Amino acid sequence: MSQPKIGLALAGGGPLGAIYEVGALCALEEAVGGLDFTACDGYIGVSAGGFIAAGLANGMTPRQLCAAFIENTAEAPDRFDPAELLQPAWAEFGERLRLLPGLLADAAREVMLEGRSVLGAIERLGRVLPTGLLSSVRFGEALAQVLSQPGRSNDFRELKHRLVLVATDLDSGDAIPFGSEGWDHVPISQAVQASAALPGLFPPVEIDGRHYVDGALKKTLHASVLLDRGLDLLICLNPLVPYESNRLSPRDARSRRAKKIASKLGRPAVKALQPRIHRLVDGGLPLVLSQTFRSLIHSRLALGLKGYELTHPQTDILLFEPDPRDAELFMANTFSYRQRRHLAEHAYRATRELLRERAAVLKPQFERAGLKLREDVLANRDARLLPAPGESRMEQALRTLRGSLTVLEARLS
């Protein structure tokens, strides 16, 4: 009997998306017996998801990615410095400024000698604006260094498992699957740069004389690249969902009940990190734009998944994403890295909660791929991705012991 084929598709979402995916992947691998995210039949990554997919395809476990990208401790062998993402695009600024004298001369000639409108001349000056504010060069160099460690490769052709990273050709609008035949000569680190080059934030990445930008411009997942390989199970992660402000999430409902109980007992209630939002318009332009962007991305994802179900009925497709009622993730800055520990922990615990809630539906789907949803592991509600702030080693050991006893009790029962 042939081994079931399992694929992994990771959507983008900036640093927040990568943080969510690390937390969710750790939760999934712990709770699903037989699931090894370093041994999937194929990987496809878009934008920030490409960064995570490249690590997994190179044998880095979700926990190792967590140590390098989330915990970011000085002793971590693959420590990733977030400052690599915040380098100004000085080369782009300089190149554009060099155009200014010529553009000013052309604009003046058009207005004074040719009688053209001032607005038309000002529009010509738009060419001096940079195509991106931040440079991804040092990020690409840092990733290339991580992928050059023993046992890893920055070459698509040397990987044990297929990896595809999607970017968009700026001059044609075509989706380009780096890693596929004809596109596998490009270094993985450079393909990640191209796939994550969000227009306006990062300049387009030049490869073989062409310019490439974020792969999410065309589709959210591009999962058909893997589905055409005849997968039995495709696991998809999408970090960005539109927010539903008019409904309480289960977590919010539990928090509200806890506050009522605490009030009756005369105890102080624990405050959430982010307050609940009832009307997005009250948050001004940032929240309106965030909701708009998330809605556009998610509507394309929903449409794509319906199409995949029709064209690949033999494949179970499982989508994991944040609860749309989760104010915590919606209010987080998509490009923020400061709260990475808290947000990764939040994603980890939310994914475990989702697995508990959907266990009846997910169990047979996992079983068809030779996997087992471990409800005994999920019974431990004290499990954490990272130690709690200020938690001593003794407290960590006690929490781990309580969790082990909970899992044992669940198995016995």
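Proline 204 is partly exposed, with a relative accessible area of 21% (buried denotes under 20% relative accessible area, exposed over 50%, and partly exposed the range in between, with a 1.4 Å probe and protein chains only). The structure is a predicted model, in which local features require pLDDT of at least 70 and side-chain atom pairs pLDDT 80 or more, whereas totals for chains, interfaces and linings use all residues. Residues are numbered from 1 along each chain as its sequence is written, and side-chain values rest on heavy atoms, with hydrogens and water left out.

Proline 204 occupies the loop between H8 and strand S8 (205–207) (helices, H or I of at least four residues, and strands, E of at least two, are DSSP runs numbered from the N terminus). Its C-alpha lies 9.0 Å from that of glutamine 193, a residue 11 positions away in sequence. Beyond neighbours within four places in sequence, proline 204 is in contact with Thr131, Leu170, His211, Tyr212 and Val213 (contact means heavy atoms within 4.5 Å). Glutamine 193 is also touched by serine 136, as are Phe202 and Val205, when residues up to four places away in sequence are not counted. Serine 136 is located in the loop between strand S5 (134–135) and H7 and is buried, at 10% relative accessibility.

Helix H7 (residues 137–147) has Phe139, Gly140, Ala142, Leu143, Val146 and Leu147 as buried residues. These residues lie on the same side of H7, because they cover an arc of only 165° around the axis (the arc is that of the directions from the helix axis to the C-beta atoms). The exposed residues Glu141 and Gln145 are carried on the face of H7 turned away from its buried side. The cover over the buried residues of H7 includes helix H2 (48–57) and helix H8 (188–195).

In helix H3 (residues 62–71), the buried residues are Pro62, Leu65, Cys66, Ala68, Phe69 and Ile70. They pack against H1, H2 and helix H13 (340–357). Asparagine 72, which follows H3, has a positive phi, near 55°. Phe69 of H3 and Phe139 of H7 are linked with Phe51 into a cluster by ring pairs.

The search of the whole structure yields 6 aromatic pairs (rings of Phe, Tyr and Trp, the last through its six-membered ring, pair if their centres lie within 6.5 Å; planes under 30 degrees apart count as stacked, over 60 as edge-to-face and the rest as tilted). The pair of tryptophan 90 and phenylalanine 93 is edge-to-face, because the ring centres are 5.7 Å apart and the planes stand at 85°. Both residues belong to helix H4 (residues 90–97), where a spacing of 3 residues separates them by about one helical turn. Tryptophan 90 is exposed, at 62% relative accessibility, whereas phenylalanine 93 is partly exposed at 21%. Tyrosine 243 and phenylalanine 330, by contrast, form a stacked pair, because their ring centres are 4.9 Å apart and their planes lie at 15°. Tyrosine 243 is in the loop between strand S10 (233–237) and helix H10 (250–265) and phenylalanine 330 in helix H12 (residues 327–331), so the pair ties together parts that are 87 residues apart in sequence. Both tyrosine 243 and phenylalanine 330 are buried.

The loop between S10 and H10 also contains asparagine 238, which is buried at 1% relative accessibility. A polar atom of its side chain lies 2.9 Å from the backbone oxygen of leucine 240, and a polar contact of 3.0 Å joins its side chain to that of glutamate 321 (a polar contact is a pair of N or O atoms within 3.5 Å; within protein, one must be able to donate a hydrogen and the other to accept it, and residues adjacent in sequence count only if both atoms are side-chain atoms). Outside its neighbours within four places in sequence, asparagine 238 is in contact with residues including Ala11, Tyr20, His298 and Phe320. Over the face of phenylalanine 320 lies arginine 358, at 5.6 Å from the ring centre (a charge sits over a ring if NZ of Lys or CZ of Arg is within 6 Å of the ring centre and within 35 degrees of the ring normal).

Phe320 is also, with Leu8, Leu163 and Phe178, among the residues with the most contacts inside the largest nonpolar core, which has 80 residues (such a core is a set of buried Ala, Val, Leu, Ile, Met, Phe, Trp, Tyr and Cys residues joined through side-chain atoms within 4.5 Å). Helix H1 (residues 14–31) provides the largest share of this core, 11 residues. A second, separate core of 19 residues includes Ala9, Val164, Leu221 and Leu231.
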